[in-house]
Amino acid sequence: MEAELLGPPEDLKGKDVLEIGAGAAQCSRWLTAQGARPVALDISHRQLQHALRIGGAFPLVCADAGALPFADASFDLACSAYGALPFVADPVQVLREVRRVLRPGGRFVFSVTHPIRWAFPDEPGPAGLSVSASYFDRTPYVEQDEEGRAVYVEHHRTVGDRVRDVVAAGFRLVDLVEPEWPAWNSSEWGGWSPLRGNLIPGTAIFVCVRD
Ligand SMILES: C[S@@+](CC[C@H](N)C(=O)[O-])C[C@H]1O[C@@H](n2cnc3c(N)ncnc32)[C@H](O)[C@@H]1O
């Protein structure tokens, strides 16, 4: 939002914006406050129930980002904060779908956990600073329930893989932003901390244009 990667906030007024993997739809709520017309999409009914409970004057759509239920060229912009892309085996299909529903000149700005983090344990302290896995190992991370069913799956792509995915889907990549840890933030949660944040990037943001 502060980085203005979707464009200056004053230009968002009246724009049709699709939020992919919206979860509780924080981005759509902010976009509404700027005068945009967001649609928040998520595959999880439960996540959308959180969005509904928090509230907001925008539509919520329960659907798979790999098969978007919208006509071609329906949106001016699309965005995603850690949504959908890290969790699908075929990210190019999602990117193709997003490109399809964007109008010519439209932007898709999406963030993922920075791929370098795959090589480090998810620890906020010093243990999180030593490489413990191969950056090049694309074996998905899977959590299973007691019956052996996958309940959480995360797919690793290297930075190069993500660039190639964006290009293969027909987008032009105009920026890859690696935000630095803000000096004011002294919080620790999960694998996030000032110690790690000051040394290795936590997030990668891809700015893509549909020409
Ligand atoms: C890490 S959460 C991010 C949620 C929110 N954007 C945020 O910043 O808090 C990832 C979201 O992507 C959604 N998701 C995963 N796979 C998806 C898919 N194939 N299509 C649409 N949404 C998906 C999940 O249900 C989840 O809400």
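What follows is a friendly dialogue on reading the features of a predicted model.

Me: Let's begin with the sheet. What holds its strands together, in general?

Reply: Strands of a sheet pair through backbone hydrogen bonds, and the pairing is either parallel or antiparallel. In this predicted model, the open sheet has seven strands in the order 3-2-1-4-5-9-8, and the pairing is mixed.

Me: Which strands stand at the edges?

Reply: Strand 3 (60–62) and strand 8 do. Each has a single partner strand, so one side of each has no neighbour in the sheet. From one strand to the next, the twist averages 20 degrees.

Me: Can you show me some pairs inside the sheet?

Reply: Take strand 1 and strand 2, which run parallel and are joined by five bridges. Asp16 has Arg37 in strand 2 as its bridge partner. Strand 4 (residues 75–81) and strand 5 also pair in the parallel sense, over six bridges, and there Ala81 stands opposite Ser111 in strand 5.

Me: Is strand 2 enclosed or open to the outside?

Reply: Strand 2 is largely enclosed by the rest of the structure, because five of its six residues are buried.

Me: And strand 3, out at the edge? What does Leu60 touch there?

Reply: Leu60 has its place in strand 3. Leaving aside neighbours within four places in sequence, Leu60 is in contact with Ala40, Leu48, Ala51 and Leu52. Its relative accessibility is 29%, so Leu60 counts as partly exposed; the cut-off for buried is under 20%.

Me: Now the helices. Where do helix 1 and helix 3 lie relative to the strands?

Reply: Helix 1 (residues 26–33) lies across strand 1 (16–20), strand 2 (37–42) and strand 4, and runs at about 175 degrees to strand 2. Helix 3 lies across strand 1, strand 4 and strand 5, at about 145 degrees to strand 5.

Me: Which residues of helix 3 are buried?

Reply: They are Pro91, Val92, Val94, Leu95, Glu97, Val98 and Val101. These buried residues pack against strand 1, strand 4, strand 5 and helix 4.

Me: How do I tell whether a helix has one buried side?

Reply: An α-helix has 3.6 residues a turn, so residues three or four places apart point the same way. Now look at helix 4 (residues 159–168), where Asp161, Arg162, Asp165 and Val166 are buried. They cover an arc of only 135 degrees around the axis, which puts them on the same side of helix 4. The buried residues of helix 4 pack against helix 3 (91–101), strand 5 (102–113), strand 8 (172–177) and strand 9 (203–209).

Me: What should I look for in backbone angles?

Reply: Most residues other than glycine have a negative phi. Two alanines here have a positive value: phi is near 70 degrees for Ala25 and near 55 degrees for Ala73. A glycine with a positive phi comes just after helix 4, where Gly170 takes about 100 degrees.

Me: Where are Ala25 and Ala73 found, and are they buried or partly exposed?

Reply: Ala25 is in the loop between strand 1 and helix 1, and counts as buried because its relative accessibility is 0%. Ala73 lies in the loop between strand 3 and strand 4; at 32% relative accessibility, Ala73 counts as partly exposed.

Me: Could we look at one more loop?

Reply: Try Asp145, in the loop between strand 6 (141–144) and strand 7 (150–154). Asp145 counts as buried, because its relative accessibility is 19% and the limit is under 20%. A polar atom of the Asp145 side chain lies 2.9 Å from the backbone nitrogen of Glu147.

Me: Last topic: the ligand. Which residues come nearest to it?

Reply: Of the 17 residues around the ligand, Gly21, Asp42, Asp64, Ala65 and Ala81 come nearest. Start with the backbone: a nitrogen atom of the ligand is 2.9 Å from a polar backbone atom of Gly21, and a ligand nitrogen is 2.8 Å from a polar backbone atom of Ala81. Ala81 is the residue we met opposite Ser111.

Me: What about a side chain, such as that of Gln26?

Reply: There, an oxygen atom of the ligand is 3.2 Å from an N or O atom in the Gln26 side chain.

Notes:
Residues numbered from 1 in each chain as written. Predicted model: local features only at pLDDT ≥ 70, side-chain atom pairs only at ≥ 80, totals over all residues. Heavy atoms only, no water. Buried < 20%, exposed > 50% of the residue type's maximum accessible area, 1.4 Å probe, protein only. Helix = DSSP H or I, 4+ residues; strand = E, 2+ residues; numbered from the N terminus. Arc of directions from axis to C-beta. Contact = heavy atoms within 4.5 Å. Pairing = 2+ DSSP bridges. Axes fitted to C-alpha atoms, helices over the stretch in contact; angles between N-to-C directions. Near = heavy atom within 4 Å. Polar contact = N/O pair within 3.5 Å; in protein donor to acceptor, adjacent residues only side chain to side chain.
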